[in-house]
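Work through these short exercises with the model open. Try each task before you read its solution.

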Amino acid sequence: MHKPTPKDFLVSLLVIVFGWQCIVWVSGAPSFILPDPVRVALAFYNNFGLLWEHFLVTASEVLIGLLLGSLLGALTALHLTMSKTAQRFLMPVLVLTQTIPVFALAPILTLWLGYGLSSKIAMAVLIIYFPVTSTFFDGLRNTPQGYLDLAQSMRATRWRILFQVRVPAALPALASGIRLAAVYAPIGAVIGEWVGASQGLGYLMLLANGRVKIDLMFAALIALCLLTIGLRSIIELIGRRIEQRTAPESD
Amino acid sequence: MASKPETDPLRFHLKGTFRHGRQVLFQDLSLTLEAGQWTCLLGPSGVGKSTLLKLLAGLPSGGEFSGDIGASDAQPIGSRIAYMAQSDLLYPWLTVYGNVVLGQNLRGEIEDGERANELIRQVGLQAHRDKRPHQLSGGMRQRAALARTLMEDTPLVLLDEPFSALDTRTRREMQELAFRLLQDKTVLLVTHDAAEALRLAQTLLVMTESGLEVQDIDAGEPLRQITDDRIVASQSRLLIRLNQADGADA
């Protein structure tokens with residue numbers, strides 16, 4: 001597959017912006033329904049300080065949530081790997097919890113944890129916990145049999161096999177789990193902010209909407225996109241390093 | 001030499017019956033690995049060669065074995081084997097050096113770096129000591145796996161078609177290197193390659209459904225020249241025997 005270069009990204013970005021402008025022209029939508037790109041760019045520029053302030057709030061919710069959720073997910077996957085009992089009893093519960101739409105929990109979390117950071121962090125954690133757990137657990141279970149045979153023929157203990165064979169072999173799987181999480185975590189945080197908050201980009205969007213500052217609302221949306229893209233790029237970078245270290249047969 | 005034997009080489013044996021569910025894979029089989037010699041095991045696929053190897057290695061074999069596996073010094077064999085397979089099984093996240101000292105690390109022992117470096121030198125990888133496996137060619141990877149196997153310094157070495165994925169020339173070099181470096185060990189080599197077996201075996205066994213049979217090689221000691229007339233003759237006899245065994249399977 002051809003790897004997109006920064007130039008490719010720039011071209012597709014221009015196409016999107018141009019398409020957006022075309023829709024504005026063709027539909028003749030008023031600026032309080034669909035503002036044109038220039039207006040949004042201006043709103044972004046004029047409100048940069050405000051956006052930055054709320055950006056920092058959402059970013060910290062997302063980062064803390066990502067960290068905690070990944071940590072919890074990874075620990076759960078390790079626990080599941082080492083304990084047959086956990087596999088029997090914990091796994092079905094985990095799968096069952098996935099039938100609950102996490103969004104529906106947002107009001108409850110706000111009720112319990114208040115309007116501050118913690119309810120949003122909890123949302124982010126809840127939304128990424130399962131993807132991280134299941135991808136890492138899959139990775140831990142699918143260690144190549146040959147690696148395990150070799151370790152066993154060398155008389156490694158169960159714990160050493162876990163931490164020196166299974167875990168390193170499963171790191172690429174964990175990395176792809178965290179990659180997924182980096183996309184989901186902002187969703188959790190923003191939904192948390194919509195349900196009840198006094199800060200953050202999600203809150204700013206609602207506020208701008210209420211005051212018919214649609215251009216500001218779009219600017220907040222773009223700030224949110226930038227947050228997700230930034231996060232993804234960092235995770236991608238780390239993930240690729242991990243994959244290089246644990247490079248599979250070819251390449 | 002890297003592997004100074006602390007004791008004399010040992011003889012190993014495996015006698016018994018192996019069942020796979022209800023199906024008997026082999027019955028009252030008796031395998032003896034002569035001390036300090038290369039025993040090569042040939043036979044059609046599915047006859048149980050790899051199972052034999054797994055049993056000796058103490059690995060899960062997916063069936064039930066009843067019988068006796070032991071060594072001539074009457075000590076348990078469990079901890080005294082090293083195992084090398086067709087795929088090199090180098091851990092991709094470790095360097096060549098890290099892979100060579102893997103056994104010691106997995107047992108929580110202190111790394112013997114000096115010995116590891118010496119073995120890496122003997123297999124000719126000193127310039128690649130700190131590279132990761134994916135940076136090496138197939139032959140180099142198999143040499144790293146050989147160094148890792150030698151590092152274990154066990155009296156019994158089990159080789160499961162370790163050279164079969166290599167090209168002809170690299171394979172010949174690997175055979176020579178392995179034979180030279182594993183001199184004082186008791187070695188079991190499972191292979192599909194009749195020429196390889198004829199080149200390396202001190203005892204050559206063919207495994208069929210009815211058990212093991214010894215094939216004589218009257219052409220001197222290994223490493224034999226496979227172009228030698230006598231080896232060519234042995235090889236055609238052996239191939240005829242293997243074809244019969246295959247036919248019996250069908």
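**Exercise 1. Check the length of helix α6 of chain A against its end-to-end distance.**

Solution. This is a predicted model. Helix α6 of chain A covers residues 117-141, which is 25 residues. Take 1.5 Å a residue, counted over one less than the number of residues. The expected span is therefore 36 Å. The end C-alpha atoms of α6(A) are 35 Å apart, which agrees.

**Exercise 2. Find the kink in α6(A), then decide how enclosed the helix is.**

Solution. Go to A:Ile128: a kink of about 35 degrees lies there. The proline A:Pro131 follows shortly after. Next, look at burial. Of the 25 residues in α6(A), 22 are buried, so the rest of the structure largely encloses this helix.

**Exercise 3. Is A:Ala185 buried or exposed? Identify its contacts as well.**

Solution. Start with the location: A:Ala185 lies in helix α8 of chain A. Count its C-beta neighbours inside 10 Å: there are 30. The cut-off for buried is 20 or more. A:Ala185 therefore counts as buried.

Now list its contacts, leaving aside neighbours within four places in sequence. They are A:Val62, A:Gly65, A:Leu66, A:Gly69, A:Ala124, A:Ile127 and A:Ile128. The kink residue of α6(A), A:Ile128, is thus one of the contacts of A:Ala185. Finally, compare sequence with space: A:Ala185 and A:Val125 are 60 residues apart in sequence, and their C-alpha atoms are 7.3 Å apart.

**Exercise 4. Classify the packing of α3(A) and α9(A).**

Solution. Helix α3 spans residues 48-82 and helix α9 spans residues 201-210, both in chain A. Their axes are 8 Å apart, at an angle of about 135 degrees. Roughly antiparallel needs an angle over 145, and roughly perpendicular runs from 65 to 115. The two helices are therefore oblique to each other.

Which residues make the contact? From α3(A) come A:His54, A:Phe55 and A:Thr58. From α9(A) come A:Leu201, A:Gly202, A:Tyr203 and A:Leu204. By class, this contact has four nonpolar, three polar and no charged residues.

**Exercise 5. Describe the side of chain A that touches chain B.**

Solution. The contact takes 18 residues from chain A and 20 residues from chain B. On the chain A side, α7 (145-153) and α8 (158-195) each supply at least two residues. Helix α7(A) gives the most, with seven residues. By class, this side has eight nonpolar, five polar and five charged residues.

Technical notes:
Residues numbered from 1 in each chain as written. Chains lettered and ligands numbered in written order. Predicted model: local features only at pLDDT ≥ 70, side-chain atom pairs only at ≥ 80, totals over all residues. Axes fitted to C-alpha atoms, helices over the stretch in contact; angles between N-to-C directions. Helix = DSSP H or I, 4+ residues; strand = E, 2+ residues; numbered from the N terminus. Parallel < 35°, antiparallel > 145°, perpendicular 65-115°, else oblique. Contact = placed C-beta atoms within 7 Å. Nonpolar A, V, L, I, M, F, W, Y, C, P; charged D, E, K, R; others polar. Bend = angle between axes of the 7 residues up to and from the residue. Buried ≥ 20, exposed ≤ 12 C-beta atoms within 10 Å, placed from the backbone.
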